[in-house]
Amino acid sequence: MRIERDKYLNDLIIRMGNGAIKVVTGIRRCGKTYLVFKLFREHLRSIDVPDDHVIEIALDADANAQLRDAHALGRYLDERIGSDGTYYILLDEVQYAITPKELRSKDEPPVLYGVLNGLLRRSNVDMYVTGSNSKMLSTDVMTEFRGRGDEVRVMPLTFAEFMQTFDGDRYEGWSEYLLYGGMPFLCTMKTEAQKSSYLQNLMREVYLEDVIARNRVDKTQELDDLVDVLASSVGSLTNPSKIEATFRSVMRSKLDADTIKRYIGHLEEAFLISEATRYDVKGRKYIGTPKKYYFEDVGLRNVRLGFRQVEESHLMENIIYNELRHRGFSVDVGEVIQQERSDGQNLRKRYEVDFVANLGFRRYYIQSALNLDTPEKAAQEKRSLRIIGDSFRKIVIVNRVMRPYMDEDGILTMGLFDFLLNPESLNM
């Protein structure tokens, strides 16, 4: 089975020879190794890079156990690098060259980072590394490379990537993707039991165990419960104080807001969830709390709740959010405040814009709508967009098949599949 991941492959290609360590990050099992050792390696062959100028080392392989010592790895690489042209170093699972003591230390960076930084002093070295253990999962890896790291963030399969291998039409594909998400290995599985078991094992034995080990979490049941609370509140504004109230009233737990905030940070560092901050569109400023949290993969979210809360509207919103991030946008939750008069009083009314997506000088205001079945529903979904008042494009994405159209207010309405399957859809 072959899945083309052109966006990420191009991300690597345009970074070739830039003098930095290309650090391929992302949630475990999302396809980082496949990207570097399969797709990027094929690209190197296609541009006639000699095989002896590509040094591939999978540090999780038993055959390379002796290279898990950072100094030994450095000596080995140094001996393999000649002076005749560029040498490409591809290192997989580099956390195997970091000792448990180094992983626990918060004061001294692992020796590995110094070794790899030292190799970059050679002008004919181009380096690509992946990692998926706690140290490499976290955002602090870029700090450890002391400004010499260039991150390529890999996410699970988008709907368009998923449909490359799905044996069915896009409607059947959407139902499957909405339920089980886009972890690549799922594409090889045929039964619901296989898929459910795989996602359960990923969440429990890979992701949460990694978070617990890295951060020495002692309240493991509370962490488990927190993941469930966040899964239930996808698409809803929340904050640690609200979650603390839920813990006290529903779970009879005394987990405090500061600990909840810290645990949420651990989950974000592990790329399990992402935070969307509120942005005051007219005031042009960020609002602290509450925020929204979305899951990196909706299948992982669904398995946490035993596939019991599969609300299409909330999951569609999560998928649109992930699609925008895949396309390189920074994504916030918009808020528009308008003065309105009611019963003789002036009131400040707040209206939500699902997403404010920014990329360079481009900005899009986007609403996610399950349907626009009535004029009242259409007016409700478009109201916040109408009162923004600036010239950036405003879009409503609807879960139905339809021809895109622009109304008299300049608001573009398009179908969900047009958005997900066309990377240029926002410019239609």
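# Exercises on a predicted model

Glu381 is a residue of helix H16, which spans residues 375-386. The model is a predicted one.

## Exercise 1. The setting of Glu381

Determine whether Glu381 is buried or exposed, and state which residues Glu381 touches beyond four places in sequence.

Solution. First, take the relative accessible area of Glu381, which is 10%. Second, apply the cut-off: buried means under 20%. Glu381 therefore counts as buried. Third, list the contacts: leaving aside residues up to four places away in sequence, Glu381 touches Gln367, Ser368, Ala369 and Leu372.

## Exercise 2. The five-stranded sheet

Establish the strand order of the open sheet of five strands, and identify its edge strands.

Solution. The order is E2-E3-E4-E1-E5, and the pairing is parallel. At the edges are strand E2 (54-58) and strand E5 (149-153), each of which pairs on one side only. Between neighbouring strands of this sheet the average turn is 15°, direction ignored.

Next, examine one pairing within the sheet. Strand E1 (residues 21-25) and strand E4 (residues 125-130) run parallel and are joined by four bridges. In this pairing, Val23 is opposite Val129 in E4.

Finally, add the helix. Helix H2 (residues 32-46) lies across E1, E2, E3 and E4, and runs at about 160° to E3 (87-92).

## Exercise 3. Salt bridges involving the five-stranded sheet

Identify which side chains meet Asp150 and Glu56 in salt bridges, and locate each partner in the chain.

Solution. Begin with the principle: side chains of opposite charge can pair when their charged atoms come close. For Asp150 the partner is Arg15, at 3.2 Å, N to O. This pair links distant parts of the chain, with Arg15 in the loop between helix H1 (6-13) and E1 and Asp150 in strand E5, 135 residues apart. Arg15 has 18% relative accessibility and therefore counts as buried.

For Glu56 the partner is Arg41, at 2.8 Å, N to O. Arg41 belongs to helix H2 and Glu56 to strand E2, 15 residues apart. Arg41 is buried, with a relative accessible area of 3%, whereas Glu56 is partly exposed at 36% relative accessibility.

## Exercise 4. The eight-stranded sheet

Explain why strands E7 and E12 each have one side without a neighbour in the sheet.

Solution. Write out the order of this open sheet: E7-E6-E8-E9-E10-E11-E13-E12, with mixed pairing. Strand E7 (285-295) and strand E12 (405-406) stand at the edges and have a single partner strand each, so one side of each lacks a neighbour in the sheet. Helix H13 (residues 257-269) packs on the sheet and touches E6 and E7, its direction making about 110° with that of E6.

Then consider E6 in its pairing with E8. Strand E6 (residues 273-280) pairs with strand E8 (residues 330-342) in the parallel sense over three bridges. Arg278 is opposite Val333 in E8.

## Exercise 5. A contact distant in sequence

Locate Phe307 and state how far Phe307 is from Leu179 in sequence and in space.

Solution. Phe307 is in the loop between helix H14 (298-304) and helix H15 (312-326). Phe307 and Leu179 are 128 residues apart in sequence, and 7.5 Å apart in space, C-alpha to C-alpha. Among the residues that Phe307 touches, not counting those up to four places away in sequence, are Leu179, Tyr180 and Ser196. The relative accessible area of Phe307 is 22%, so Phe307 is partly exposed.

Definitions and conventions:
Residues are numbered from 1 along each chain as its sequence is written. This is a predicted model: local features need pLDDT of at least 70, side-chain atom pairs count only at pLDDT 80 or more; totals for chains, interfaces and linings use all residues. Side-chain values use heavy atoms; hydrogens and water are left out. Two strands pair if DSSP finds at least two bridges between them. Helices (H or I, at least four residues) and strands (E, at least two) are DSSP runs, numbered from the N terminus. Axes are lines fitted to C-alpha atoms, for helices over the stretch in contact, and angles run from 0 to 180 degrees between N-to-C directions. Contact means heavy atoms within 4.5 Å. Buried means under 20% relative accessible area, exposed over 50%, partly exposed in between (1.4 Å probe, protein chains only). A salt bridge is a side-chain nitrogen of Lys or Arg within 4 Å of a carboxyl oxygen of Asp or Glu.
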